[in-house]
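Subject: Structure handover

Hello,

Here is the structure for you to look over. My notes on what I found follow below it.

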Amino acid sequence: KVINKGKYRLYNIASDKLYTLDFIAKNIQKITKCKIRYKNQKFRFDEPKINIKIIKKEFNFRPKNDFGEYLNKIVKKI
C-alpha cells in the first residue's frame with residue numbers, strides 16, 4: 001500500500017513504543033543469566049520518540065509486534 005498509494009516519500013513503520021537500553025540489558029540478563037556491567041552511567045541520551053502518526057492516519061497502521069517478545073526469541077537463538 002505504501003509503495004503504490006503513499007502520498008509521502010518517507011514513512012516510519014516502527015513501533016510507537018520506546019525501549020531503553022536498560023530494558024534491553026535487563027531482559028538479556030534475565031534470559032541468559034549473564035552479568036551486565038554498566039559503563040558511563042553519568043551520560044544520558046534522550047532520544048526523540050519515533051513518530052508514526054502519518055502512516056497511522058493514512059493507512060490505519062497499527063504496530064502488531066512486541067519488541068520484548070522478539071528480543072526473547074533472538075537471544076534464545078544465539
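F67 touches Y19, F23 and I24, not counting neighbours within four places in sequence. This is a predicted model, so please read everything here in that light. F67 sits in helix α4, which covers residues 67-77. F67 is also 50 residues along the chain from K17, yet their C-alpha atoms are separated by 8.7 Å.

Is F67 buried, exposed or partly exposed? F67 counts as partly exposed, because its relative accessibility is 31% and that class runs between 20% and 50%.

Next, the helices. The chain has four of them and zero strands. In sequence order the pattern is α-α-α-α. Helix α2 takes in residues 21-32, 12 residues in total. From first C-alpha to last, α2 reaches 16 Å. That is close to the 16 Å expected at 1.5 Å a residue.

Two loop residues deserve a look at their backbone.

- K33 comes just after α2. Its phi is positive, about 65 degrees, although K33 is not a glycine. K33 lies in the loop between α2 and α3, the latter being residues 53-59. K33 counts as exposed because its relative accessibility is 71%, and the cut-off is over 50%.
- N60 is in the loop between α3 and α4. Here too phi is positive in a residue other than glycine, near 55 degrees. N60 counts as exposed because its relative accessibility is 55%.

Now the chain as a whole. What is its radius of gyration? The chain has 17 Å, whereas a compact globule of 78 residues would have a value near 12 Å. Its C-alpha atoms fill a box of roughly 50 × 30 × 15 Å along the principal axes. Of the 78 residues, 12% count as buried.

On contacts, take the pairs at least 6 apart in sequence. Of these, 80% join residues at least 24 apart.

The surface comes to about 7700 Å² exposed. Carbon and sulfur atoms supply 54% of that area.

Last, charge. How many side chains are positive, and how many negative? There are 22 positive and 7 negative side chains in the chain. The centres of the two sets lie 3 Å apart.

That is everything from my side.

Best wishes

Terms used: Residues are numbered from 1 along each chain as its sequence is written. This is a predicted model: local features need pLDDT of at least 70, side-chain atom pairs count only at pLDDT 80 or more; totals for chains, interfaces and linings use all residues. Side-chain values use heavy atoms; hydrogens and water are left out. Helices (H or I, at least four residues) and strands (E, at least two) are DSSP runs, numbered from the N terminus. The expected span of a helix is 1.5 Å times one less than its number of residues. The radius of gyration is taken over C-alpha atoms; the globule rule is 2.2 Å times the number of residues to the power 0.38. Buried means under 20% relative accessible area, exposed over 50%, partly exposed in between (1.4 Å probe, protein chains only). Contact means heavy atoms within 4.5 Å. Accessible areas come from the Shrake-Rupley method with a 1.4 Å probe; for residues, only the protein chains shown count as cover. Lys and Arg count as positive and Asp and Glu as negative; His and the chain ends are not counted. The place of a charge is taken as NZ of Lys, CZ of Arg, CG of Asp or CD of Glu.
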